[in-house]
Amino acid sequence: MNTRQTLLDHCSRHLGALRSEGRYRDFTRLEKIAGRFPTYRWHGPGGAREITVWSANDYLGMGTHPAVQRAAAEAVAAHGAGAGGTRNISGTSPLHAALEAELAGWHGKPAALLFGSGYLANQAALSALLAALPGMEVFSDAMNHASMIDGMRRSPARRHIWRHNDLDHLESLLRAADPAAPKVIAFESVYSMEGDIAPLHALCDLAEKYGALTYLDEVHAVGLYGAEGAGIAERDGAAARIDVIEGTLAKGVGVFGGYIAGEAELVDYVRSVAGGLIFTTALPPPTVAAALASIRHIRADAPLRARLAERAAALKAALDAAGLPRLDSHSHIVPVPVPGADACRAVARRMLEEFSIYVTPINYPTVPRGTERLRLCATPFHDDAMIAGLVRALGEVLRMPKAA
Ligand code: PMP
């Protein structure tokens, strides 16, 4: 067999199928403009143009906050661009230690550990913890992120999937499992494609009843909820009941990287065995310094969080007043259903080309087929005029679909 030719044939067949199903991913070229968030520059076929972005995960605009930019610039001047080694091989600076201490304190946990991304944090921590004891069973919400699923699959643990946020279903699975088996319940707080929020206390009640460890992904909540922005666990007073909290530095914090926080022995164990930590270069010092500055700012800036909540409510009210469809979101993430991959992509394209508004179309496999949607994210910086412009454009595009 000519492997090269056979593989190339396979690739072009697969790419052709993605195109014909409307699922081929184009990366839209967008440029952030410091001081102007959420205005970006779109580099499209007709040249560069300023647009309003409604699908950024830089939920608080911290990526271009002056204190964060300054911290990154100072660290690059003082320490250079890269860590130059894994954590174990000359890659751990005092900045890394300071950020881990800050994260632990933020989440009210004894220890925290940085990773190259939130994806890696979930993959490495879950695969390490789920392989630690023989006969482990993991219970996973059906909407858990791909990185958690990846971590579970890389472990020998038996996986049970409960219907999204359906605690009766989760309890029936827990009840049916071997009472002697070690168990982990893995879930998110804010679900990024639905905008809904898990009932943390009820999940912890079940975990206590069945002797399970709790693992919570707060990726879409850190920075945004709770008195100091530590997430939904802080907001709901549930942090002490969660064994492992996983988060990202790339969304609310606006920079890059991921982490876990939890009991010292658990975190130290992951640090000592997880391949996704041990065999990869540490986060760059400017990234770490920027994240540290961002978190210190966020913890003290409750008005920014209040403004986010107010803007999210304003966005939902404006969509409702215009009779536009949306999912029942309880967060800053507001999905607008546009079923069909082609239709969803066509709507997003028209929003960009005709109205200079960027919204991301979400297709299978991120969401089930037939539930395609535009994922809108409110931020404190989307003003009334931007909301009005979005609603006007959506109303026009959704009601008068042009041929794609
Ligand atoms: N968990 C969830 C729920 C996510 O949505 C994502 C990223 N979209 C991640 C983890 C991974 O985080 P990161 O982008 O930092 O890799």
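This report describes the ligand shell and one open sheet of a predicted model.

## Basis of the values

Local features in this predicted model require pLDDT of at least 70 and side-chain atom pairs pLDDT 80 or more, while totals for chains, interfaces and linings use all residues. Residues are numbered from 1 along each chain as its sequence is written, and side-chain values use heavy atoms, with hydrogens and water left out.

## Ligand shell

The ligand is surrounded by 13 residues (a residue is near if one of its heavy atoms lies within 4 Å). Gly118, Tyr119, Asp217, His220 and Thr248 come nearest. By class, the shell comprises 2 nonpolar, 8 polar and 3 charged residues (Ala, Val, Leu, Ile, Met, Phe, Trp, Tyr, Cys and Pro count as nonpolar, Asp, Glu, Lys and Arg as charged, and the others, Gly among them, as polar). Helix 5, residues 118–130, gives the most to this shell, with 3 residues (helices are DSSP runs of H or I, at least four residues, and strands runs of E, at least two, numbered from the N terminus).

Polar contacts (pairs of N or O atoms within 3.5 Å; within protein, one must be able to donate a hydrogen and the other to accept it, and residues adjacent in sequence count only if both atoms are side-chain atoms) involve the backbone of Gly118, at 2.8 Å from a ligand oxygen atom, and a polar backbone atom of Tyr119, 2.8 Å from an oxygen atom of the ligand. A polar side-chain atom of Thr248 lies 2.6 Å from a ligand oxygen atom. The protein buries 84% of the 380 Å² that the ligand exposes when taken alone (Shrake-Rupley method, 1.4 Å probe; for residues, only the protein chains shown count as cover).

## Open sheet

Four strands, in the order 1-2-3-12, form an open sheet with mixed pairing (two strands pair if DSSP finds at least two bridges between them). Strand 1 (30–32) and strand 12 (357–358) are at the edges with a single partner strand each, so one side of each has no neighbour in the sheet.

Strand 3 (residues 47–53) and strand 12 run parallel and are joined by 2 bridges. Thr52 stands opposite Ile357 in strand 12.
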